Amino acid sequence: MSSSYLIKGGKPLKGEVVLSGAKNVALKTIIASLMFKGDVVLENIPKINDVLDLIELIKSLGAKVEFKEKNTLVINSDNLQNNRVDLLFSSKIRVSFMLFAPLLRRFGECFVPNPGGCRIGARPIDRIIKGLVALGIKVDYDSETGYYHAKIINKPKGKYRFEKPSHTGTELLMLIGLMTDEKVEIDNIANEPEIDDLVLYLISAGANIQEERNKIIISKSPQLKQRESFVIMSDRNELVTYATLAVASQGSVIIGPIKEDLIISFLEIMRKTGAGVEKIAKDKFRFFYQGKVRPVDIETSPHPGFMTDWQPSWAILMLTAKGESVIHERVFENRFSYVEELKKLGAKIDFTDTKVENPENFYHFNFEENKEYQQTIKIHGGNELHNAILSISDLRAGAALACAALLASGESIVNGTSILERGYEDFVEKIRKLGGEIKKV
Ligand code: EPU
């Protein structure tokens, strides 16, 4: 189902945004909950399309799921009946491959579709499948049906070192580790704070997990059982969307709750632009325009670097900075789908060539020597934007396009907003509260 926004741009946005729970924790804690016995209560779960689709998926496996209040979810998976993940659901919810863990635990074998590519790159799961095999899981792939068949012969154990880190891969192998009778060690892991939140959730239910630098060690754990409800962390990506918009629109927005150490690299870069950044409480920041924004180059990288999810929003801020700035994307190989759309608003952006000495190591995707990549853009900022009809093709790019329309003069239409709503709760309502003119059409 698709939908559109009608946006009348040009107003400075002012007010306060209360952040929703992090999408990339909500999805993982919901899946992990299927490894628990009895009722599980998760708080601060955002009501976004990805979460709603995942709920339908786990219901199709036999889980009981109910929203008690707007953001409190109760899950009980004591009677899971189905060990085959539906292809249609899986095509909607990429992280459904994490279901390998609870389904293997419950049934000893399962059938999970290959999540395939998506619009921000090929997104293979080769490193993750290698990890499952290294820990002793038998995995066969049927290229005709597109399904993996995974089976536990012996309880998982041993070590696996990711060639290059993977965020969801780290989380899946950690869940697999919970089935060990001995020890599982995962090395060269991703270090995103969203993973730490999942670890906290599991430990609070009895899991034996030790996090070291770049390494996670899982020892034999008892059956997970929740002692008290778990509140998931705020969405850092949402913060960046509203913070950049506040400054780009020459406004002032207070955003929280958020822990400062989760957004340090963003705050540092934001300050370099000359934007106002003020910590007004332990977990609240004000982002505001205080005169001309300076162009600042960025390069994306996993935590603690400048996140790949933030770069489309950064591009929008840089459109308002007079002069040239460069964005170099290192994590995914196709994260500039918004460029052609922004040009419709009058933005001046070119793809440029960046010579990198050792691209196999420098980029986090599987770099192929003979393939053409477009990993760098140059933004010529400071030009007025005018209205246009825009089309969203991926989540973060979608939020950036809606924000760009909020900066442009006149009325714009943004199509494909159900993709944006996969990850942003109450986007229209939050923008309206800040004084933005936006409505669903
Ligand atoms: N990769 C492989 N093979 C693998 C695993 C990963 O080639 O087996 C590649 C990916 O294609 C990518 C790079 O390695 O080029 C890093 O991928 P990673 O596995 O770390 O990313 P992910 O787990 O698929 C999560 C978030 C993304 C976020 C990245 C980076 C979720 C559901 N998704 O993706 O969030 O950008 O980590 O932090 O947690 C979003 O929220 O819009 C989003 C895309």
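A crossing of two helices is right-handed if the near helix is turned clockwise from the far one by less than a right angle. The model on screen is predicted, and this tour starts with a pair of helices to which that term applies.

**Stop 1: α1 and α6.** Select residues 23-32, which form α1, and residues 167-177, which form α6. Look along the contact between them: α1 passes α6 in a right-handed crossing. The axes of α1 and α6 are 11 Å apart and the packing angle is about 20°. Angles under 35 degrees count as roughly parallel, and α1 and α6 are therefore roughly parallel to each other.

**Stop 2: α1 and α7.** Keep α1 selected and add helix α7, residues 193-204. Here the axes lie 9 Å apart, and α1 packs on α7 at an angle of about 30°. That angle makes α1 roughly parallel to α7. The crossing of α1 over α7 is right-handed.

**Stop 3: the ligand.** Now show the ligand and the residues around it. Which helices each supply at least two residues of the shell? They are α1, α5 (126-134), α6 and α13 (395-407), so two of the helices already on screen, α1 and α6, take part. There are 27 residues around the ligand, and those that come nearest are Asp 126, Ser 166, His 167, Thr 168 and Val 331. Colour the shell by class to find 10 nonpolar, seven polar and 10 charged residues.

Next, zoom in on the polar atoms. In the side chain of Lys 23, an N or O atom is 3.0 Å from an oxygen atom of the ligand. Asn 24 places a polar side-chain atom 3.1 Å from a ligand oxygen atom. At Pro 124, select the backbone: a polar atom there is 3.1 Å from a nitrogen atom of the ligand. On its own the ligand has 840 Å² of accessible area, and the protein covers 94% of that.

**Stop 4: α10 and α13.** From the ligand shell, follow α13 and add helix α10, residues 311-318. Their axes come within 8 Å and cross at roughly 20°. α10 is therefore roughly parallel to α13. As for handedness, α10 passes α13 in a right-handed crossing.

**Stop 5: two cis peptide bonds.** Move to the loop between β19 (298-299) and α10, where Pro 304 is located. The bond joining His 303 and Pro 304 is cis, with omega about 10°. Then select the loop between β16 (252-256) and α9 (264-272), which holds Pro 257. What is the omega of the peptide bond from Gly 256 to Pro 257? Omega is near -5°, and the bond is cis.

**Stop 6: Asn 214.** Finish in the loop between β12 (208-212) and β13 (215-219), and pick Asn 214. The phi of Asn 214 is positive, near 65°, in a residue other than glycine.

Key
Residues are numbered from 1 along each chain as its sequence is written. This is a predicted model: local features need pLDDT of at least 70, side-chain atom pairs count only at pLDDT 80 or more; totals for chains, interfaces and linings use all residues. Side-chain values use heavy atoms; hydrogens and water are left out. A residue is near a molecule or strand if one of its heavy atoms lies within 4 Å of it. A polar contact is a pair of N or O atoms within 3.5 Å; within protein, one must be able to donate a hydrogen and the other to accept it, and residues adjacent in sequence count only if both atoms are side-chain atoms. Accessible areas come from the Shrake-Rupley method with a 1.4 Å probe; for residues, only the protein chains shown count as cover. Helices (H or I, at least four residues) and strands (E, at least two) are DSSP runs, numbered from the N terminus. Ala, Val, Leu, Ile, Met, Phe, Trp, Tyr, Cys and Pro count as nonpolar, Asp, Glu, Lys and Arg as charged, and the others, Gly among them, as polar. Axes are lines fitted to C-alpha atoms, for helices over the stretch in contact, and angles run from 0 to 180 degrees between N-to-C directions. Angles under 35 degrees count as roughly parallel, over 145 as roughly antiparallel, 65 to 115 as roughly perpendicular and the rest as oblique.
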